[in-house]
Amino acid sequence: MKNYFLLLLLLSMLFPKQVTSQNDGAAIAAIGGAMAIGAIIASIDQMEEQAELTATEWILHNHPELTNFALKTMSFDGKKAKDMSATTVIIYKIQEFVPEMEPKINGKKQVLFGFTSPGWISDYGIDFNKVSWFLIDDVEWMRMMIAYVKVASEEKNETHLKEILKDGKIVNRGVKTGSKLAIPFFKLTGDMYVVTDYSERLKLLYNERSLGIFLKETRDLVQIGRGDIIDIHDFFFEE
C-alpha cells in the first residue's frame, strides 16, 4: 500500500491545483492511471501477504519440529503481474532462533519453495491447491547445485564441485571464485536443454541463464532465474 500512496503524492506534486484547464484532462488521466497502478501494487502486496501466511501454515502443519523460526519472502513474482497465472515459484527463507528478550536470528537455515501450477491466480484470488511445497536445507541445496553444474558444464567430479561451490558464485557464464571463472557453462541457445533425473519428485534442467525444475507429479516446468540462485546460495553459505 505504501507504493500506492507514494505514487499519489508524486502526482500531486507533478500536477498542482494551479494546472490550466487545457491540461486538466491530461492530469486527470495521469492520476487515474496512477490509481490503477496503485491498485495493482496493492493487490500484489495482498497476494504476497496471503502466500506468506499460507507458507507459514504449511510449515506449522508439516514440520512441527520447527518451533522457533523466522520466515521471510525471498522472491515473489509480483514484477510479472500480467503473467502471474502462469507456472512460477515463490521462495521463502527460513531461519531458526532461540527465544530471548532480544533474539538473534542465527540458527539453522532452510529455504521453502512454493511451486505453482498454471491458473494458481485467478479473478477469485489464489488457489493454494495448485501450489507444491518443497523445503530444503544447505545440504540438499548443495546436492542440487552439484547436479545442476554437472549437467551445465564439463566438470563431473563431485568432490571438486563441492569445494568450488562452497565459496563460489553461480553466474550467467558459470561458477566464479573471486574474479576467476572456475567452471564455465555450456553456451546453449534458448531452446536447448540438458536434463538430469535428480530425485523421485524432480528433474533438473540447464537452459541458458536459468535453472529449470520439472515437477514430476504435476508435470510443470519452473525456471528459477540466475539472480534467485545467487540469492539462495548466498543465504546458505555467506558468512
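Helices α3 and α4 are roughly perpendicular to each other, because angles of 65 to 115 degrees count as roughly perpendicular and their axes cross at roughly 115°. This is a predicted model, so keep that in mind as you turn it around on screen.

Let's stay with that pair of helices for a moment. α3 covers residues 138-152 and α4 covers residues 158-167, and their axes come within 10 Å. The crossing of α3 and α4 is right-handed. On the α3 side, the contact is made by M142, M145, I146, V149 and K150, while α4 brings in E158, L161, K162, L165 and K166. If you sort the residues of this contact by type, you get six nonpolar, four charged and no polar ones.

α3 has another helix to deal with: α5, residues 226-237. The axes of α3 and α5 also come within 10 Å, and here they cross at roughly 140°. That angle makes α3 oblique to α5, and the crossing is left-handed. From α3, the residues D138, W141, M142, M145 and Y148 take part, and they meet R226, I229, I232, H233, F236 and F237 of α5. The mix in this contact is eight nonpolar, one polar and two charged. M142 and M145 turn up in the α3 lists for α4 and for α5.

Here are the two crossings side by side:

| Helix pair | Axes come within | Crossing angle | Handedness |
|---|---|---|---|
| α3 and α4 | 10 Å | roughly 115° | right-handed |
| α3 and α5 | 10 Å | roughly 140° | left-handed |

There's also a link inside α3 itself. The side chains of E140 and R143 meet in a salt bridge, with 2.9 Å from N to O. Both residues sit in α3, three residues apart, which is about one turn of the helix. In total, the model has five salt bridges.

Now for the sheets. One is an open sheet of four strands in the order β1-β2-β3-β6, with antiparallel pairing. β1 (69-75) and β6 (131-137) stand at the edges with a single partner strand each, so one side of each has no neighbour in the sheet. From one strand to the next, the twist averages 25°. Strand β3 (residues 109-116) and β6 run antiparallel and are joined by seven bridges; F113, for instance, has F134 in β6 as its bridge partner.

The helices come back into the picture here. α3 packs on this sheet by touching β3 and β6, and its direction makes about 100° with that of β6. α5 packs on the sheet too, touching β1, β2 (88-96), β3 and β6, and its direction makes about 155° with that of β3.

The other sheet is open as well, with three strands in the order β7-β8-β9 and antiparallel pairing. β7 (169-171) and β9 (180-184) are the edge strands, each with a single partner, so one side of each is left without a neighbour in the sheet. Neighbouring strands in this sheet are turned by 35° against each other on average, direction ignored.

How is this sheet stitched together? β7 pairs with β8 (residues 174-177) over three bridges, and K169 has K176 of β8 as its bridge partner. Four bridges join β8 to β9, where T177 stands opposite K180. β8 and β9 form a hairpin with two residues between them, and G178 in the turn has a positive phi of about 65°.

Notes:
Residues numbered from 1 in each chain as written. Predicted model: local features only at pLDDT ≥ 70, side-chain atom pairs only at ≥ 80, totals over all residues. Heavy atoms only, no water. Axes fitted to C-alpha atoms, helices over the stretch in contact; angles between N-to-C directions. Parallel < 35°, antiparallel > 145°, perpendicular 65-115°, else oblique. Left-handed = near helix turned anticlockwise from the far one by under 90°. Contact = heavy atoms within 4.5 Å. Nonpolar A, V, L, I, M, F, W, Y, C, P; charged D, E, K, R; others polar. Pairing = 2+ DSSP bridges. Salt bridge = Lys/Arg side-chain N within 4 Å of Asp/Glu carboxyl O.
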